[in-house]
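Biologist: Hey, can you walk me through this one? I'd like to start with the charged side chains, then go on to the surface and the fold.

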Amino acid sequence: MADADDDPSIGAGDDGNDEDESPAPSDSVQLDMISGERMDQLTSMEKIRLILDGVHDGNIVILEEGLDPDEESKLIEVTMTEISPDGFTGIEIETYPGAGQSSGGLFDRLMGRSSDTKLTVIGPANRLETLHKDETLISTLVTRR
């Protein structure tokens, strides 16, 4: 029986688990949760490309702070140009809080501070279906490919 010192295929600290390198099983769903800090470092087109590249791969993209209205419009515009009958079917996008919701509490508004924080969920149109949405909940169904 060989031990780790005799077997060059087993590196120091390697437990033989290649979990980080193997692709996700085909019946699973990958969620890409992107922080507001990371998005703040990107241009509008870089944000759109990051989102669409993830969705093209079949992932569900969750943005901590969402997009501004111009970026969201551009995302939809770019998405429409990439739709193909045999390939990419488009995106499903839901944002909480929805349009017209107040941002921040009364104290924040009195102090002149506003919060643009909103959670946005984006996924492939053929895999993500919104079941229910209100001021406090987005309920979605994610299907297999």
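Biologist: Which residue does Arg-49 form a salt bridge with, and how far apart are the closest N and O atoms?

Modeller: Keep in mind that this is a predicted model. In it, Arg-49 pairs with Glu-82, and the closest N and O atoms are 2.7 Å apart. That pair links distant parts of the chain: Arg-49 sits in helix α2 and Glu-82 in helix α3, which covers residues 69-82, with their positions 33 residues apart in sequence terms.

Biologist: OK, and where does Asp-53 come in? What does its side chain meet?

Modeller: The side chain of Asp-53 also meets Arg-49 in a salt bridge, at 3.1 Å from N to O. Both belong to helix α2, residues 44-56, and because they are four residues apart there, about one helical turn separates them.

Biologist: Are those two buried or exposed, or something in between?

Modeller: In between. Asp-53 is partly exposed at 38% relative accessible area, and Arg-49 is partly exposed too, at 32%.

Biologist: What about Glu-77, which partner does that one have?

Modeller: Glu-77 forms a salt bridge with Lys-74, where the closest N and O atoms are 3.3 Å apart. These two are three residues apart in helix α3, so about one helical turn lies between them. Glu-77 is partly exposed, with a relative accessible area of 46%, and Lys-74 counts as partly exposed at 31%.

Biologist: Which residues end up joined into one network?

Modeller: Arg-49, Asp-53 and Glu-82, through salt bridges that share partners.

Biologist: And how many salt bridges does the count come to?

Modeller: Five. The ones we went through include Arg-49 with Glu-82, Arg-49 with Asp-53 and Glu-77 with Lys-74.

Biologist: Switching to the surface. Which residues form the negative patch?

Modeller: Glu-37, Asp-40, Glu-64 and Glu-65 form a negative surface patch. Asp-40 is placed in helix α1, residues 36-40.

Biologist: Why does Asp-40 count as exposed?

Modeller: Because its relative accessible area is 58%, and exposed means over 50%.

Biologist: Got it. Which residues make up the nonpolar patch on the surface?

Modeller: Val-29, Leu-31, Met-33 and Val-142 form that patch, with about 340 Å² of accessible area together. Val-29 lies in the segment before β1, the strand at 31-34. At 35% relative accessibility, Val-29 counts as partly exposed.

Biologist: Now the whole chain. How many helices and strands are there?

Modeller: Four helices and six strands. Reading along the sequence, you get the pattern β-α-α-β-α-β-α-β-β-β.

Biologist: How much of the chain counts as buried?

Modeller: Of its 145 residues, 23% count as buried. The accessible surface of the chain comes to about 10000 Å², and carbon and sulfur atoms hold 49% of that.

Biologist: Last one: what share of contacts join residues at least 24 apart?

Modeller: If you take contacts between residues at least 6 apart in sequence, 66% of them join residues at least 24 apart. The Arg-49 and Glu-82 pair we began with has its partners 33 residues apart.

Notes
Residues are numbered from 1 along each chain as its sequence is written. This is a predicted model: local features need pLDDT of at least 70, side-chain atom pairs count only at pLDDT 80 or more; totals for chains, interfaces and linings use all residues. Side-chain values use heavy atoms; hydrogens and water are left out. Patches are made of residues with over 30% relative accessible area and no salt bridge: like charges are joined within 9 Å, nonpolar side chains (Val, Leu, Ile, Met, Phe, Trp, Tyr) within 5 Å. Accessible areas come from the Shrake-Rupley method with a 1.4 Å probe; for residues, only the protein chains shown count as cover. A salt bridge is a side-chain nitrogen of Lys or Arg within 4 Å of a carboxyl oxygen of Asp or Glu. Lys and Arg count as positive and Asp and Glu as negative; His and the chain ends are not counted. The place of a charge is taken as NZ of Lys, CZ of Arg, CG of Asp or CD of Glu. Buried means under 20% relative accessible area, exposed over 50%, partly exposed in between (1.4 Å probe, protein chains only). Contact means heavy atoms within 4.5 Å.
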